[in-house]
Amino acid sequence: MPMGSRAEDGDCTEREGQLTHVGFALAGDDGCIARARRHAADFLARLRDEYGRDISSYTVGTIQLVVSELVTNALKYAPGPVVMELRSTGARLEVVVGDSNPTLPSAQPTDPDRVGRHGLEIVRAVTQGLDIQRLAVGKRITALIALTGTPGPSPMAHPC
């Protein structure tokens, strides 16, 4: 899928009257994480308003949290731009974040005294699945989130 060269550029795909996905390239400049969250909220609003999808405010907040955590980590640990895609797959939304660092993230052992590095734990707690893949260049992380109801975790076949 073609990606825009700036954070404000997006590629929307509609199939048979349904919006299926949108993608963005995020350069890592000031405000790009906030723009990523805004892109997610705008995509969800369009799914709700133009396509009649039932999307709760809880779900919007959860998806924005996942976007924020994944994009923040990608920008923190990978040089170069980060690519974010949002894919509507029926009852779920896939948040896909790709970066150029091939090192796969791993959840840290539980430690109440640890400050920071809780992002992957948070994402796992609020999603139905998390898939992490090493690519020829970098990696791709896909989080699955229910569009209705209150999300809850369920294991996915691909461990970190």
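# Notebook: helices, salt bridges and two loops

I started at aspartate 29, which is partly exposed, with a relative accessible area of 37%. The model I am reading is a predicted one. Aspartate 29 forms a salt bridge with arginine 35, and the closest N and O atoms are 2.6 Å apart. I looked up the partner as well: arginine 35 has 13% relative accessibility, so it counts as buried. In general, side chains of opposite charge can pair when their charged atoms come close.

**Entry: the whole chain**

I then stepped back to the overall layout. The protein chain has 3 helices and 6 strands. Read from the N terminus, its elements run β-β-α-α-β-β-α-β-β. The chain has 160 residues, and buried residues make up 42% of them. I also checked how far along the sequence the contacts reach. Among contacts with a separation of 6 or more, 62% are between residues 24 or more positions apart.

**Entry: helix α1**

How many residues does α1 have, and how far does it reach? I found 20 residues and a reach of 27 Å from the first C-alpha to the last. At 1.5 Å a residue, 28 Å is expected, and the value found is close to that. Next I listed the buried residues of α1, which are Cys32, Arg35, Ala36, His39, Ala40, Phe43, Leu44, Leu47 and Tyr51. Arginine 35, the salt-bridge partner of aspartate 29, is in that list. After α1 comes glycine 52, and I noted that its phi is positive, near 70°.

**Entry: helix α2 and its packing on α1**

I repeated the length check on α2. Its 21 residues should span 30 Å at 1.5 Å a residue, and the end C-alpha atoms are 30 Å apart, so the two agree. The buried residues of α2 include Val60, Ile63, Val67 and Val71. Polar and charged names turn up as well, among them Thr59, Thr62, Ser68 and Glu69.

At what angle do α1 and α2 cross? Two packed helices are described by the angle between their axes and the distance between the axes. Here I read roughly 145° for the angle, with the axes coming within 9 Å. The crossing of α1 and α2 is right-handed. On the α1 side the contact is made by Cys32, Ile33, Ala36, Arg37, Arg38, Ala40, Ala41 and Leu44. On the α2 side I listed Val60, Ile63, Gln64, Val67, Ser68, Val71, Thr72 and Leu75. I compared this with the burial lists: Cys32, Ala36, Ala40 and Leu44 of α1 are buried, and Val60, Ile63, Val67, Ser68 and Val71 of α2 are buried.

**Entry: isoleucine 55**

Between α1 (32-51) and α2 (57-77) there is a loop, and isoleucine 55 is placed in it. Is isoleucine 55 buried or exposed? Its relative accessible area is 7%, so it is buried. Leaving aside neighbours within four places in sequence, I found isoleucine 55 in contact with Leu44, Leu47, Arg48, Val60 and Leu147. I also looked at alanine 91, which is 36 residues away along the chain from isoleucine 55; their C-alpha atoms are separated by 9.7 Å.

**Entry: more salt bridges**

A search of the whole structure finds 6 salt bridges. One of them joins aspartate 49 to arginine 48, with the closest N and O atoms 3.1 Å apart. Aspartate 49 is exposed, with a relative accessible area of 57%, while arginine 48 is partly exposed at 34%.

I moved on to glutamate 85, which lies in strand β3 (residues 82-89). Glutamate 85 has a relative accessible area of 13% and is therefore buried. Its side chain makes a polar contact with the side chain of arginine 87 (3.3 Å). Arginine 87 is partly exposed, with a relative accessible area of 25%. Arginine 87 also meets glutamate 94 in a salt bridge (3.1 Å, N to O), and glutamate 94 is buried at 17%. Salt bridges that share partners join Glu85, Arg87 and Glu94 into one network.

**Entry: threonine 127**

My last stop was the loop between α3 (119-126) and β5 (129-134), where threonine 127 is placed. Threonine 127 is buried, with a relative accessible area of 2%. What lies 2.9 Å from a polar atom of its side chain? I found the backbone oxygen of valine 123 there.

Notes. Residues are numbered from 1 along each chain as its sequence is written. This is a predicted model: local features need pLDDT of at least 70, side-chain atom pairs count only at pLDDT 80 or more; totals for chains, interfaces and linings use all residues. Side-chain values use heavy atoms; hydrogens and water are left out. Helices (H or I, at least four residues) and strands (E, at least two) are DSSP runs, numbered from the N terminus. Buried means under 20% relative accessible area, exposed over 50%, partly exposed in between (1.4 Å probe, protein chains only). Contact means heavy atoms within 4.5 Å. A polar contact is a pair of N or O atoms within 3.5 Å; within protein, one must be able to donate a hydrogen and the other to accept it, and residues adjacent in sequence count only if both atoms are side-chain atoms. A salt bridge is a side-chain nitrogen of Lys or Arg within 4 Å of a carboxyl oxygen of Asp or Glu. The expected span of a helix is 1.5 Å times one less than its number of residues. Axes are lines fitted to C-alpha atoms, for helices over the stretch in contact, and angles run from 0 to 180 degrees between N-to-C directions. A crossing is left-handed if the near helix is turned anticlockwise from the far one by less than a right angle, and right-handed if clockwise.
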